Amino acid sequence: MKRIGNVYSQICSIENLQLADIKARKGKLKQPGIRRFDKNRDSNLLELRESLVNKTYKISEYKLFKIYEPKERNISMLPYPDRIVQHAILNPLESVFVSMFTADSYSCIKGRGVHAAGGAVKKALRDVPGTQYCLKLDIQKFYPSIDHDILKRLLRRKIKDKDLLQLLGGIIDSAPGVPIGNYLSQYFANFFLTGFDHWLKEVKRVRYYFRYADDMVILSDGKEYLHKLLEDIRAYLSDELKLSVKSNYQVFPVAARGIDFVGYVYYHTHTRVRKSIKQRYVRMMKRRRNAASMASYHGWLKHGDCKNLRKTTTRARIQRLTNKRRAERFRRRKDRDKQNSQQGDRNP
């Protein structure tokens, strides 16, 4: 594996920091932290550059909060200048990380998101005899369980720039595991499992394998093979990465229940939207939310076989709008009749 060097000076350049600033603020211009930063934007960027050049940069404290959709997660958020630093690091490093990922890993990779992962599963399912059974698993508390020493050792195998390794080490050691919410975390997480991906594809010769973050799907023609592979996977993750497979793993026939993965349930013959997404969509339609929400859900639905769902909910919404308009016309007509009646009383 060829190691890269002389990256730190690129990260510290004012041009790179300006580009990182543009990327970090995209779609977030109203955030208070960005508004404060913009009061002295140029001088703040220069000050940030100076701290990197002089190696006095220290990562700030995280703001912690929870989200509950689609499930409860602990989120860590850094102040805006620290987010600029992480974008500045990834400007030269992103292509390095992506070049190491296998074609079977998805999530937070340009052009390889939810729908790319789903498209790959659909393509694999065309081989009906070879995809009769599915092994579905994920990792127990993946992000909090990423071992710092192992992650730093893996980074040293690819990076020889000591200043960059010191900067990355400070970010890695700033929180237990890898905090969800850091821009770098999604790349660290994919990078941490890259050796595992290559082992599955090149050593175990697994043909149909798909990973989205730590959510994994493996397809085969035999369930005995998948059970044996699961034991090998457990051993590799434990011995090499100090990770554990979550106890809710499943080995099942695809025809019986479908593959619940990246928001859809995949069968050999059709694809359905996950039930929880369908329920949120119906609730949104009942509440008549804004056009952006409708467009977002319709984007999900068009990748599944959901014509009846779209037709039914659209018809119901049209009926509600029609009823509302009829009620409004009736109210206006009633008001006019009342006004005419009052005028008639005043002018006998």
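## Two buried charges without partners

Arginine 83 is buried but forms no salt bridge, and the closest side chain of opposite charge, aspartate 82, sits 7.5 Å away. This comes from a predicted model. Let's work through that residue, and then another.

**Exercise 1.** Work out why aspartate 82 doesn't count as a salt-bridge partner for arginine 83, then place the arginine in the structure.

*Solution.*
- Step 1: Start with the cut-off: a salt bridge needs a side-chain nitrogen of Lys or Arg within 4 Å of a carboxyl oxygen of Asp or Glu.
- Step 2: Aspartate 82 is 7.5 Å from arginine 83, so the 4 Å cut-off isn't met.
- Step 3: Now find the arginine: helix H5, residues 80–100, holds arginine 83.
- Step 4: Setting aside neighbours within four places in sequence, arginine 83 contacts Ala24, Lys28, Gln31 and Leu78.

**Exercise 2.** Do the same for lysine 158: which side chain of opposite charge is nearest, and what does the lysine touch?

*Solution.*
- Step 1: Lysine 158 belongs to helix H8, which covers residues 148–158.
- Step 2: This lysine is buried and has no salt bridge either; glutamate 202 is the nearest side chain of opposite charge, 13 Å away.
- Step 3: Skip residues up to four places away in sequence, and lysine 158 touches Met1, Lys2, Arg3, Ile4, Val96 and Met100.

**Exercise 3.** Zoom out: how many helices and strands are there, and what share of the residues is buried?

*Solution.*
- Step 1: Count the elements: 16 helices and 10 strands.
- Step 2: Of the protein's 348 residues, 42% are buried.
- Step 3: For the outside, about 20,000 Å² is exposed, with carbon and sulfur atoms supplying 50% of it.

Notes. Residues numbered from 1 in each chain as written. Predicted model: local features only at pLDDT ≥ 70, side-chain atom pairs only at ≥ 80, totals over all residues. Heavy atoms only, no water. Helix = DSSP H or I, 4+ residues; strand = E, 2+ residues; numbered from the N terminus. Buried < 20%, exposed > 50% of the residue type's maximum accessible area, 1.4 Å probe, protein only. Lys, Arg positive; Asp, Glu negative; His and termini not counted. Contact = heavy atoms within 4.5 Å. Areas by Shrake-Rupley, 256 points an atom, 1.4 Å probe, with all protein chains shown as cover.
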